[in-house]
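Open your viewer, have the selection panel ready, and follow along stop by stop. Each stop says what to pick and what you will find there.

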Amino acid sequence: MIVLLLILLLIIIAVVGVIIAKKRKKSKAGPATPDAKAHRPPTPAPVPPPPAPVPSPVVHSPAPPPPMPHVVGADHGMTVDLSRTVALNTADDVFPKSWGSIKFVSGPLMGQEFKVDSEGGYIGRDGGSSQIVIADPRISKRHLWIGVRNGRVVIEDQNSRNGTFVNDPRSARVTETSLNSGDTVILGESDVARFEYQQ
């Protein structure tokens with residue numbers, strides 16, 4: 001009996017020791033709250049990767065201007081090599097000069113206008129030898145030439161039968177004369193046709 005009581009006492013002590021050990025472990029771990037998940041810090045959202053850099057457009061720098069020719073202000077005793085000089089076109093070569101026009105104010109060609117050409121042209125009755133044709137028997141076949149000489153617009157009578165006059169039919173016949181803008185040329189003593197020169 002004594003032995004059985006000792007064994008029973010040992011078993012009770014062992015069970016009590018186990019229970020105490022379990023309680024100590026729980027108290028160290030701390031009480032678990034049902035809202036533990038609710039109090040957890042939120043998981044940070046994933047950060048998207050930075051956008052790929054956009055390549056900047058390539059800017060081509062303009063081509064450098066051609067080198068300017070060296071200009072010497074004075075000769076300074078230098079010899080100029082004429083074989084290396086370059087002829088420059090004059091303004092008249094690039095933009096041909098206008099020599100004005102003539103406009104008929106009376107006669108068969110009244111109202112018609114013709115440009116004055118630097119090479120000149122003939123006014124007369126014959127279409128085969130004149131560029132401006134006036135079909136009237138009082139006008140000679142080649143009555144008048146008009147063109148440019150020495151930088152001026154000039155008329156020249158072609159030994160016409162009825163003559164050429166400037167501004168006044170009662171004035172002397174014209175053999176050759178230069179025209180000013182606004183001058184009136186009269187063909188024939190009987191005033192067959194007139195034209196005005198305008199620069």
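Start by selecting Arg-149, which is partly exposed because its relative accessible area is 31%. On this scale, buried means under 20% relative accessible area, exposed means over 50%, and partly exposed lies in between, with a 1.4 Å probe and protein chains only. Now add Glu-156: its side chain and that of Arg-149 meet in a salt bridge, 3.0 Å from N to O. A salt bridge here is a side-chain nitrogen of Lys or Arg within 4 Å of a carboxyl oxygen of Asp or Glu.

A word on what you are looking at: this is a predicted model, in which local features need pLDDT of at least 70 and side-chain atom pairs count only at pLDDT 80 or more, while totals for chains, interfaces and linings use all residues. Residues are numbered from 1 along each chain as its sequence is written, and side-chain values use heavy atoms, with hydrogens and water left out.

**More salt bridges**

The structure holds 6 salt bridges, so there is more to pick, given the 4 Å cut-off between nitrogen and oxygen. Select Arg-170 and Asp-168, a pair whose closest N and O atoms are 3.5 Å apart. Arg-170 is exposed, with a relative accessible area of 75%, whereas Asp-168 is partly exposed at 28%. Then return to your starting point and add Glu-176: Arg-149, Glu-156 and Glu-176 are joined into one network by salt bridges that share partners.

Next, pick Arg-138 and Asp-136. Their salt bridge has its closest N and O atoms 3.0 Å apart. Which side of this pair is buried, and which is partly exposed? Asp-136 is the buried partner, with a relative accessible area of 11%, and Arg-138 counts as partly exposed at 37%.

**Two loops with positive phi**

Move to Asn-150, in the loop between β5 (144-149) and β6 (152-157). Helices (H or I, at least four residues) and strands (E, at least two) are DSSP runs, numbered from the N terminus. Check the backbone of Asn-150: its phi is near 55°, a positive value in a residue other than glycine. Asn-150 is exposed, with a relative accessible area of 82%.

Then jump to Asp-191, in the loop between β9 (184-187) and β10 (193-198). Phi of Asp-191 is also positive, near 55°, and this residue is not a glycine either. Asp-191 is partly exposed, at a relative accessible area of 27%.

**Into the strands**

From that loop, step to Phe-195 in strand β10. How accessible is Phe-195? Its relative accessible area is 0%, and therefore it counts as buried. Show its surroundings: leaving out residues up to four places away in sequence, Phe-195 touches Ile-102, Lys-103, Phe-104, Val-105, Ile-123, Leu-144, Ile-146, Asp-183, Thr-184 and Val-185. Contact means heavy atoms within 4.5 Å. For a distance to try in the viewer, the C-alpha atoms of Phe-195 and Phe-114 are separated by 10.0 Å, although the two are 81 residues apart along the chain.

One of those contacts, Thr-184, makes a good next pick; it is found in strand β9. Thr-184 is buried, with a relative accessible area of 13%. Beyond its neighbours within four places in sequence, Thr-184 is in contact with Phe-165, Val-166, Asn-167, Arg-194, Phe-195 and Glu-196.

**Along helix α1**

Now select helix α1, residues 2-29, and find Lys-23 in it. Lys-23 counts as exposed because its relative accessibility is 60%. Together with Lys-22, Lys-25 and Lys-26, Lys-23 forms a positive surface patch. Patches are made of residues with over 30% relative accessible area and no salt bridge, with like charges joined within 9 Å and nonpolar side chains (Val, Leu, Ile, Met, Phe, Trp, Tyr) within 5 Å.

Val-15 is also in helix α1, and at 44% relative accessibility it counts as partly exposed. Select it with Met-1, Val-3, Leu-4, Ile-7, Ile-11 and Ile-19 to see a nonpolar surface patch of about 720 Å². Accessible areas come from the Shrake-Rupley method with a 1.4 Å probe; for residues, only the protein chains shown count as cover.

**Zoom out**

Finish with the whole chain in cartoon view. It has 2 helices and 10 strands, running α-α-β-β-β-β-β-β-β-β-β-β from the N terminus on. Of its 199 residues, 22% count as buried.

Methods: Lys and Arg count as positive and Asp and Glu as negative; His and the chain ends are not counted. The place of a charge is taken as NZ of Lys, CZ of Arg, CG of Asp or CD of Glu.
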